[in-house]
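Visitor: Please take one part of this structure and look at it closely. After that, please go on to the charged pairs found elsewhere in the chain.

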Amino acid sequence: MLEHKSGFVAIVGRPNVGKSTLLNRIVGQKIAIMSDKAQTTRNKIQGVYTTPEAQLIFIDTPGIHKPKHRLGDFMVESAYSALREVDAVLFMISADQKRGRGDDFIIERLKNVQSPVYLIINKIDKVHPDELLGIIEDYSAQMPFAQVVPISATEGNNVDRLMEVLIAEMPEGPQYFPDDQVTDHPEYFIVSELIREKVLFLTRDEVPHSVAVVVDSMKRNENDKIQIQATIIVERDSQKGIIIGKGGKMLKEIGTKARKDIENLLGDKVFLELWVKVQKDWRDKRVYLQDFGYRKEEY
């Protein structure tokens, strides 16, 4: 009988290089939120990829950057703690962006990682194939990589090849999660992320990243619908006004779009109620960070 392989894989990279898009492509279900605003992934979202021969658990770390406030400190620490306990690290870069100080900052940290580090060049559909060689040479001169795999997470190009490479390198191990489980996060966490994605998407630049979403309750009602009550937390009254919108129009649109994604996730009818609350400077107050789910995980 063939051995069963399993292992943990961390995805790291500058904000906005496509880490969440890759994770969603691999797992085939929407679990990491996607936004063209940087810095949307706050907790380590785990995606589980299962085949009869192997199981890979992916950790999508928050984009590594120089922190500006206590939430930023938490996010960077969260990304580094993920690197200590994994069997492989995917260092993801974007083919259409030059190597910058942010990449160098990550490379310096990756030099101390014991696990094999793979260079994943994303968005290859955005550049001419002739440009790839220069990118590979440039990064390979900074540190040795186990392998270099060019992909397009959006288009799906070469993602199967990446999975083959990773599975080949994984140690023998058990299946940690059931076949049909795609994430280890409780559903209410993913529900809150899906609502937050819609807030960021619909309000665009009007509401900065000072948005948190707390799911207050999830239960079945007498009509056999899943009733979800959630609160959107912002830092200022002006942001509250934007999210509610004229006559409640914006909040209604956020709720409608989020409900569709949540119904897809849960495979069930959902009744979603949203509130908006102002909590001044929550990103700098430790007690609020813990209330809103940003707890430090110990390794």
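**Methionine 250, its helix and the salt bridges**

Guide: Methionine 250 is found in helix 8. The model is a predicted one. Methionine 250 has a relative accessible area of 17%, so the residue counts as buried, the cut-off being under 20%. Setting aside the neighbours within four places in sequence, methionine 250 is in contact with Leu202, Thr203, Ile242, Ile243, Ile244 and Gly245. Take threonine 203 from that list: in sequence, methionine 250 and threonine 203 are 47 residues apart, yet their C-alpha atoms are 8.3 Å apart in space.

Now the helix itself. Helix 8 covers residues 249-266, which makes 18 residues. At 1.5 Å a residue, helix 8 should span 26 Å, and its end C-alpha atoms are 26 Å apart, so the expected span and the model agree. The expected span takes 1.5 Å times one less than the number of residues. Methionine 250 is one of the buried residues of helix 8. Others on that list include Leu251, Ile254, Gly255 and Ala258, and further along Leu265 and Leu266. Asp261 and Glu263 are also among the buried residues. After helix 8 comes glycine 267, with a positive phi near 65°.

Next, the charged pairs. Side chains of opposite charge can pair when their charged atoms come close. Across the whole structure, a search finds 9 salt bridges. One of them joins the side chains of aspartate 103 and arginine 14, at 3.1 Å from N to O. Aspartate 103 lies in helix 3 (residues 101-110), while arginine 14 lies in the loop between strand 1 (5-13) and helix 1 (19-27), so this pair ties together parts that are 89 residues apart in sequence. Aspartate 103 counts as buried, at 1% relative accessibility. Arginine 14 is buried too, with a relative accessible area of 19%.

A second pair is glutamate 108 with lysine 111, where the closest N and O atoms are 3.0 Å apart. Glutamate 108 is partly exposed, its relative accessible area being 48%. Lysine 111 also counts as partly exposed, at 42%. In a further salt bridge, glutamate 197 meets lysine 198, with 2.8 Å between the closest N and O atoms. Both glutamate 197 and lysine 198 are buried. Finally, Arg99, Asp104 and Asp138 are joined into one network by salt bridges that share partners.

Notes
Residues are numbered from 1 along each chain as its sequence is written. This is a predicted model: local features need pLDDT of at least 70, side-chain atom pairs count only at pLDDT 80 or more; totals for chains, interfaces and linings use all residues. Side-chain values use heavy atoms; hydrogens and water are left out. A salt bridge is a side-chain nitrogen of Lys or Arg within 4 Å of a carboxyl oxygen of Asp or Glu. Helices (H or I, at least four residues) and strands (E, at least two) are DSSP runs, numbered from the N terminus. Buried means under 20% relative accessible area, exposed over 50%, partly exposed in between (1.4 Å probe, protein chains only). Contact means heavy atoms within 4.5 Å.
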